[in-house]
Amino acid sequence: MLALVLLPACGIAPKPTPPAADAVEVSALTVALADMPTVVRVRWHTDVAARATVTGRFAGGEVRVEEAEAVTDHAALLVGIPALTEVAVEVLPAGGGEAGTATVVTGSLPSWVPDVTMEADQPHSVQPTAAGVLVFNREDPIDPTADRGAVSPGCA
């Protein structure tokens, strides 16, 4: 019993108990279109460091981003959403807690974005083998350092 009394006096204290999952609350949620009008920028705050999953649901699909690190000021980019589409955005703290929700409508694609279509004799047998990025030559390039938020790992 004496050792328990001396430990706090010597500067050794028990580790604080992390807050219960339901104590994590999403606040200051903002949802807006990024520089590309089909990319949704989501920002929010939590009172304690936490990870979260951001899901954008729309007719015909959904995109999801899971945060890698627990932080209090959050940002995510949802990509792979069609133009002129209503998107229901949900931010759910990891392990539970109350979700934050909002809705946004994506804009039209810029004229410089080409129409890309893929045709296959057996569409269900087409399997992507590698991720790729299309780069377009623009006179007014988008600054890639403008936002360091998470990016969806793929399209819906």
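**A walk through the predicted chain**

Let me begin with the contacts: among those in the protein chain with a separation of 6 or more, 57% are between residues that are 24 or more positions apart. Please keep in mind, as I go on, that what you have in front of you is a predicted model.

If we now turn to the secondary structure, the protein chain comes to one helix and eight strands, and when you follow it from the N terminus, the order of the elements is α-β-β-β-β-β-β-β-β. Of the 156 residues in the protein chain, 26% are buried, and the accessible surface amounts to about 10800 Å², with 56% of that area belonging to carbon and sulfur atoms.

Let us look next at one pair of strands, namely β1, which covers residues 26-33, and β2, which covers residues 40-50; these two run antiparallel and are joined by six bridges. Together they form a hairpin, with six residues lying between the strands, and if you would like one bridge to find for yourselves, V26 has T46 in β2 as its partner.

Finally, I would like to spend a moment on T55, which lies in strand β3, residues 52-58. Is T55 buried or exposed? Its relative accessibility is 3%, and because the cut-off for buried is under 20%, T55 counts as buried. Leaving aside residues up to four places away in sequence, T55 touches E62, V63, R64, L78, A88, V89 and E90. One of these neighbours, R64, deserves a second look, since the side chains of T55 and R64 are joined by a polar contact of 3.3 Å.

Technical notes. Residues numbered from 1 in each chain as written. Predicted model: local features only at pLDDT ≥ 70, side-chain atom pairs only at ≥ 80, totals over all residues. Heavy atoms only, no water. Pairing = 2+ DSSP bridges. Helix = DSSP H or I, 4+ residues; strand = E, 2+ residues; numbered from the N terminus. Buried < 20%, exposed > 50% of the residue type's maximum accessible area, 1.4 Å probe, protein only. Polar contact = N/O pair within 3.5 Å; in protein donor to acceptor, adjacent residues only side chain to side chain. Contact = heavy atoms within 4.5 Å. Areas by Shrake-Rupley, 256 points an atom, 1.4 Å probe, with all protein chains shown as cover.
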